[in-house]
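Please open the model in your viewer, with a cartoon representation for the backbone and side chains ready to be switched on. The tour below goes from one selection to the next and says what is to be found at each.

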Amino acid sequence: MTRKSLRSIRKSLAFVTAVGMLGLTAACSSPSSNQPEDGPVEIRFSWWGNASRAELTNKAIQEFEAANPNIKVKPEYGDISGYFDKLATQVAANDAPDVITMGGAYPAEYANRGALLDLSKVHGSLDLSKLDQGALENGQVQGKQYGVSTGANALAVVVNPAVFQAAGVAVPDDSSWSWDDFAKTASEVTAKSPKGTYGTATVLTHDSLDAFARQRGKSLYTQDGQLGLDKDTVQDYFDFSLKLSESGAAPSASETVEKLNVSTEQTLMGMGQAGMMLTWSNSLSALSKASGAELKLLKLPGETPTPGIWLQSSQFYTISARSKHTDAAAKLVSFLVNNEAAAKIIQSDRGVPSNPGMRTAIQDLLTPQGKVEAAYIDQIGKMDFAPTFIGPTGSTAVSEITARINTDVLFKRLTPEKAAEQWLSESKAAIGK
């Protein structure tokens, strides 16, 4: 059994334990308070990210504490690689932070298991009236608001023009390029660059599987919580991922595994050793800072005739259902998304703000990279793309399944066809379908 498999099992066990403990702790712990509190209180706020995000967030916390002298905020943060393992353990021990940053399908996972607060219970302290409607809907689970969008985000191809220039290769035209164009260009950049520099920093990711499917008129999940893609789509996805590695367009299997879950600074793009990288648009500023290069964003390949792109909340602020200080927690979340001082500090680090007033407040403060991110989101927002459906309970395991099976494909332990069959079987089991 691989280490990755063991980690996945431990994560699953931790989460199952957390679920079981929720019912027990509800009976023996103090009820949460939704009322304003007169005396000083301390709340805990957790997030993941690099040192730059921690610095910005701590500055925003200081502004909040100055405006709310009776509330002390204790920050808890770390790399994303161990973030959700730690959170599952904390929930199991009835020791979850009051304000919890989440992403992807995690709000639905935890909300469906009773671990998150229905935010209508703190509407007096949490103003969501100014957020974009789409952003609000992104944080809803079965019609109830459990998450507050930190900002908009979209998949993109980050490009380092300096690497292209050094290789003597033209930066692609993203208005019409295909996945074959992407692979061909990446291979050419690798071939004409120094050893250790690649055309693309990564093979395909779990998120790009969703886009891959949507470009074929399908989707990762359907509105009723089923898998929305077929074997041919999954097989082609694994086949293309293998093609990138085998051709040298992307790193070898062993190099790819070494770069899983590393910090921004340790990625090939962050080290200036990649021409392109499939990732999220709000990574641009951190990658630019790490690489010291002026990076740019391109739309995904294969977006014509059917777009696969979508706008997604970068992250969500949620509140623990077992928090004893929900009023204070709600005030912190409201401050982070509605206060100009906080917006001017955080800017686009957690995505382009979902509050139009905050977008206006930060426009002149954005770095050149921040302005590129905002312009890209604006461009994507004008496209006509299919609706996005949040993953059902169990779907957080699917991304782990994708990564593990993709690794098996890269090491040729599985053919793309067998990988597709295994992916469908395991993913259906994960979501209970």
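In this predicted model, begin by selecting the open sheet of four strands, whose order is 9-10-8-11 and whose pairing is mixed. Strand 9 (198-200) and strand 11 stand at its edges, and because each has a single partner strand, one side of each is left without a neighbour in the sheet. If you look along the sheet, neighbouring strands are turned against each other by 30° on average, with direction ignored.

Next, select strand 8, residues 155-159, and show its side chains. Is this strand mostly covered or mostly uncovered? Strand 8 is mostly covered, since five of its five residues are classed as buried under the cut-off of 20% relative accessible area. Leu155, Val157 and Val159 point one way from the strand, while Ala156 and Val158 point the other way, and all of these residues are buried.

Keep strand 8 in view and add strand 10, residues 274-280, to the selection. Strand 8 and strand 10 pair in the antiparallel sense, over five bridges. To follow the pairing residue by residue, pick Val157, which stands opposite Leu278 of strand 10, and then Ala156, whose bridge partner in strand 10 is Thr279.

Now turn to strand 11, residues 296-298, which runs antiparallel to strand 8 and is joined to it by three bridges. Here the residue to pick is Val158, for its bridge partner in strand 11 is Leu297. With these strands still displayed, add helix 15, residues 368-381, which lies across strand 8 and strand 11 and runs at about 15° to strand 11.

For the last stop, hide the sheet and select helix 9, residues 231-246, together with helix 16, residues 396-410. The axes of helix 9 and helix 16 come within 9 Å and cross at roughly 50°, and the two helices are therefore oblique to each other. The crossing of helix 9 and helix 16 is right-handed.

Which residues make this contact? On the side of helix 9, show Tyr237, Phe238, Ser241, Leu242 and Ser245, and on the side of helix 16, show Thr402, Ile405, Asn406, Val409 and Leu410. Coloured by residue class, the contact of helix 9 with helix 16 divides into six nonpolar residues, four polar ones and no charged ones.

Note on methods
Residues numbered from 1 in each chain as written. Predicted model: local features only at pLDDT ≥ 70, side-chain atom pairs only at ≥ 80, totals over all residues. Heavy atoms only, no water. Axes fitted to C-alpha atoms, helices over the stretch in contact; angles between N-to-C directions. Parallel < 35°, antiparallel > 145°, perpendicular 65-115°, else oblique. Left-handed = near helix turned anticlockwise from the far one by under 90°. Contact = heavy atoms within 4.5 Å. Nonpolar A, V, L, I, M, F, W, Y, C, P; charged D, E, K, R; others polar. Buried < 20%, exposed > 50% of the residue type's maximum accessible area, 1.4 Å probe, protein only. Pairing = 2+ DSSP bridges.
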